[in-house]
Amino acid sequence: MKLVETAYKYLYTCEEPRGSNRGPLIDRWLKALGSPVGSAWCAAFVWGMLDEAGETRTLKRSGRVQFMVDSGRLLPADKAVLGDLVVFYFPKLQRYAHIGIVVGKTSKRLDVIEGNTIPDGAVGDQREGYGVAKKSRLISDRIKVLRQV
């Protein structure tokens with residue numbers, strides 16, 4: 001699948017400098033989305049991958065994950081297939097605030113390539129990290145598949 005291949009191509013892309021929400025590729029993804037340079041960029045990464053893979057989705061084109069969620073439909077995480085987008089709900093924020101691309105699945109876990117995160121096992125913020133990483137996520141009620149209506 002082209003989207004999955006495209007996401008793998010950018011694995012380990014990092015902010016320059018770390019913690020800045022900046023870097024040549026990150027700035028390009030943010031600008032293409034119309035988001036300010038230096039903004040949180042997980043959604044910009046996903047849109048950049050969709051654009052490069054030549055995929056269109058009828059979701060709201062936004063750097064804010066919740067706006068994308070509001071324009072699509074949510075399914076349980078166990079319904080995910082390769083190339084699906086998954087969103088993460090943050091109870092403290094009372095909204096969906098992170099997104100990634102499904103690149104693998106087992107009965108209990110999803111492998112997801114995400115931007116603006118940290119590698120599994122690293123110390124720091126999973127949602128406001130410093131790079132593109134492949135994460136192994138336990139399927140839970142806080143993770144949903146985001147599909148177009």
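## Contacts of Trp29

Contact here means heavy atoms within 4.5 Å. The model is predicted. On that basis, Trp29 touches Tyr10, Thr13, Trp41, Ala44, Phe45, Gly48, Met49 and Val132, leaving aside residues up to four places away in sequence.

## Two nonpolar cores

Trp29 also belongs to the largest nonpolar core, which has 32 residues. Trp29, Phe45 and Ile99 have the most contacts inside this core. At least two core residues come from each of helix 1 (2–9), helix 2 (24–33), helix 3 (42–53), helix 4 (65–70), strand 2 and strand 3. Helix 3 gives the most, with 9 residues.

A second core is separate and has 12 residues. Among them are Leu75, Val86, Val112 and Ile143. In soluble globular proteins, nonpolar side chains tend to be buried together.

## The sheet

The sheet is open and built from 6 strands. Their order is 1-6-2-3-4-5, and the pairing is antiparallel. Strand 1 (72–76) and strand 5 (131–138) stand at the edges. Each has a single partner strand, so one side of each lacks a neighbour in the sheet. From one strand to the next, the twist averages 40 degrees.

Strand 3 and strand 4 (residues 109–117) run antiparallel and are joined by 5 bridges. Gly104 has Asp111 of strand 4 as its bridge partner.

## Strand 2 and its neighbours

How enclosed is strand 2 (residues 85–90) by the rest of the structure? Of its 6 residues, 5 are buried, so strand 2 is largely enclosed.

Strand 2 pairs with strand 3 (residues 95–105) over 6 bridges, in the antiparallel sense. Val86 has Gly100 of strand 3 as its bridge partner. Val86 is also one of the residues of the second core. The two strands form a hairpin, with 4 residues between them. In the turn, Gln94 has a positive phi of about 60 degrees.

Strand 2 also pairs with strand 6 (residues 143–148). These two strands run antiparallel and share 4 bridges. Here Leu85 stands opposite Leu146 of strand 6.

## Helix 1 on the sheet

Helix 1 packs on the sheet and touches strand 3, strand 4 and strand 5. Its direction makes about 105 degrees with that of strand 3.

Leu3, Val4, Thr6 and Ala7 are buried in helix 1. They cover an arc of only 160 degrees around the axis, which puts them on the same side of the helix. An α-helix has 3.6 residues a turn, so residues three or four places apart point the same way. Helix 3, strand 3 and strand 4 are among the elements that cover the buried residues of helix 1. The face turned away from the buried side carries Glu5 and Lys9, which are exposed.

## Asn21, a buried loop residue

Asn21 lies in the loop between helix 1 and helix 2. Is Asn21 buried or exposed? Its relative accessibility is 10%. Buried means under 20%, so Asn21 counts as buried.

Which residues does Asn21 touch? Not counting residues up to four places away in sequence, they are Glu15, Ile26, Asp27, Leu30, Gly38, Ser39, Ala40, Trp41, Asn116, Glu128 and Gly129. With Trp41, the side chain of Asn21 makes a side-chain polar contact of 3.4 Å. A polar atom of the Asn21 side chain also lies 3.5 Å from the backbone oxygen of Ser39. Trp41 is in turn one of the residues that Trp29 touches.

Note on methods:
Residues are numbered from 1 along each chain as its sequence is written. This is a predicted model: local features need pLDDT of at least 70, side-chain atom pairs count only at pLDDT 80 or more; totals for chains, interfaces and linings use all residues. Side-chain values use heavy atoms; hydrogens and water are left out. Buried means under 20% relative accessible area, exposed over 50%, partly exposed in between (1.4 Å probe, protein chains only). Two strands pair if DSSP finds at least two bridges between them. A nonpolar core is a set of buried Ala, Val, Leu, Ile, Met, Phe, Trp, Tyr and Cys residues joined through side-chain atoms within 4.5 Å. Axes are lines fitted to C-alpha atoms, for helices over the stretch in contact, and angles run from 0 to 180 degrees between N-to-C directions. The arc is that of the directions from the helix axis to the C-beta atoms. A polar contact is a pair of N or O atoms within 3.5 Å; within protein, one must be able to donate a hydrogen and the other to accept it, and residues adjacent in sequence count only if both atoms are side-chain atoms.
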